[in-house]
Amino acid sequence: MVSRDEALSLLRENSEDSVFEHSLAVSVKAKSIAGKTRENGYDVDVNFVEIAAILHDIGRSKTHGIRHGIEGAEIILKLLGDEKLAGVCERHIGAGITKSEAKALGLPEKDYLPETLEEKIIAHTDNLTFGTETVSIDKVTEKFEKRLGRDHPSVKRILELNNFIENLLSTTKQEAKTIEGFGKEVMEKDVLNKIKWDKQLNPKDFSIRYIDRTSGPLKQVKYTDIEINGDFMKIDDSMIPMHRIREIRYGDKVVWNKRRV
Ligand SMILES: [Fe+2]
């Protein structure tokens with residue numbers, strides 16, 4: 001793959017100043033998001049994200065219209081023959097374009113949805129970067145709603161991509177796996193027993209929130225401070241009926257809550 005310097009000079013030769021500055025800003029931010037994602041245990045190529053983000057808008061040397069993604073991919077294939085980099089150009093617009101939307105837009109009929117984690121991070125960062133400035137997701141949806149209409153599926157897709165990336169940044173792969181493992185447990189008792197018996201889990205990581213009185217805030221107790229006793233949990237000398245449990249947490253992540261049942 002090209003180096004960062006090579007990518008920058010390629011962009012310099014093929015773009016106007018505003019595109020150059022924008023691409024550089026997207027690259028710096030996307031690299032940082034990719035780095036945090038990697039720290040959270042997900043397999044993402046940070047170096048590729050940095051380089052690909054530099055080149056994502058190179059198609060704007062041909063057009064600023066919706067075709068700039070495809071044009072960018074063509075330029076990259078011609079100059080570098082790198083399909084992975086070309087894929088980023090082709091699939092970075094909004095949160096991607098579906099086959100039927102592509103047809104309506106007069107683009108070659110196929111899906112242009114970001115596929116890899118790297119492609120998703122770049123598309124998302126690009127959405128949140130107006131010029132060189134980082135904006136809120138509300139500003140992003142406002143912009144797309146104005147352009148495409150409130151109910152356009154692209155707006156929903158951009159929000160979903162935003163949530164997806166936010167999740168990668170707030171939840172480690174290990175946490176995500178643990179939370180997913182509780183997906184099928186419906187009763188609080190099953191969850192408490194799973195924590196007790198599942199060898200993959202450490203009871204020290206869990207806590208329980210329950211109603212102590214009819215009003216007032218929920219009480220929190222460490223899993224290791226309770227004892228399961230039939231349909232009750234025993235805390236010191238009190239027997240608390242399990243139906244008073246409202247939430248069971250793994251660290252600060254909720255793995256079970258009453259509302260879900
Ligand atoms: Fe773009």
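# Exercises on sheets, cores and helix packing

The model contains an open sheet of 3 strands, arranged in the order 5-6-7 with antiparallel pairing. The edge strands of this sheet are strand 5 (227-229) and strand 7 (238-241), and each pairs on one side only. From one strand to the next, the twist averages 35 degrees. The model is predicted, and the exercises below should be read accordingly.

## Exercise 1. Pairing of strands 5 and 6

Task: Determine how many bridges join strand 5 to strand 6, and state which residue stands opposite E227.

Solution.
Step 1. Strand 6 covers residues 232-235 and runs antiparallel to strand 5.
Step 2. Strand 5 and strand 6 are joined by 3 bridges.
Step 3. The residue opposite E227 is K234, in strand 6.

## Exercise 2. The sheet of 4 strands

Task: Give the order of the strands in the open sheet of 4 strands, and identify its edge strands.

Solution.
Step 1. The order is 4-3-8-9, and the pairing is antiparallel.
Step 2. Strand 4 (219-222) and strand 9 (253-257) are the edge strands, as each pairs on one side only.
Step 3. On average, neighbouring strands of this sheet are turned by 25 degrees against each other, direction ignored.
Step 4. Strand 3 (residues 206-210) pairs with strand 4 in the antiparallel sense over 4 bridges. Within this pairing, S207 stands opposite K222 of strand 4.

## Exercise 3. The environment of K219

Task: Decide whether K219 is buried, exposed or partly exposed, and list its contacts beyond four places in sequence.

Solution.
Step 1. K219 belongs to strand 4.
Step 2. There are 15 other C-beta atoms within 10 Å of K219. A buried residue would need 20 or more, and an exposed one would have 12 or fewer. K219 is therefore partly exposed.
Step 3. With neighbours within four places in sequence left aside, K219 is in contact with R209, Y210 and D212.
Step 4. K219 and I245 lie 26 residues apart in sequence, while their C-alpha atoms are 9.4 Å apart in space.

## Exercise 4. The nonpolar cores

Task: State how many residues the largest nonpolar core has, and determine which helix gives the most to it.

Solution.
Step 1. The largest nonpolar core has 32 residues, and A30, A52, L55 and I122 have the most contacts inside it.
Step 2. Several helices each supply at least two residues of this core, among them helix 1 (4-14), helix 2 (17-39), helix 3 (46-55) and helix 7 (117-127).
Step 3. Helix 3 gives the most, with 6 residues.
Step 4. Residues up to four places away in sequence not being counted, A30 touches V49, A53, I121, I122 and T125.
Step 5. A second, separate core has 14 residues, including I195, M233, I245 and I248.

## Exercise 5. Burial in helix 5

Task: Name the buried residues of helix 5, and state what covers them.

Solution.
Step 1. L85, A86, V88, C89 and E90 are the buried residues of helix 5.
Step 2. Their cover includes helix 3, helix 4 and helix 7.

## Exercise 6. Packing of helices 8 and 9

Task: Classify the relative direction of helix 8 and helix 9, and give the handedness of their crossing.

Solution.
Step 1. The two helices pack at an angle of about 165 degrees, with their axes 9 Å apart.
Step 2. Angles over 145 degrees count as roughly antiparallel. Helix 8 and helix 9 are therefore roughly antiparallel to each other.
Step 3. The crossing of helix 8 past helix 9 is right-handed.
Step 4. Helix 8 contributes I137, V140, T141, F144, E145 and L148 to the contact, and helix 9 contributes S154, V155, I158, L159 and N162.

Note on methods:
Residues are numbered from 1 along each chain as its sequence is written. This is a predicted model: local features need pLDDT of at least 70, side-chain atom pairs count only at pLDDT 80 or more; totals for chains, interfaces and linings use all residues. Two strands pair if DSSP finds at least two bridges between them. Axes are lines fitted to C-alpha atoms, for helices over the stretch in contact, and angles run from 0 to 180 degrees between N-to-C directions. A nonpolar core is a set of buried Ala, Val, Leu, Ile, Met, Phe, Trp, Tyr and Cys residues joined through C-beta atoms within 7 Å. Two residues are in contact if their C-beta atoms, placed from the backbone, lie within 7 Å. Angles under 35 degrees count as roughly parallel, over 145 as roughly antiparallel, 65 to 115 as roughly perpendicular and the rest as oblique. A crossing is left-handed if the near helix is turned anticlockwise from the far one by less than a right angle, and right-handed if clockwise.
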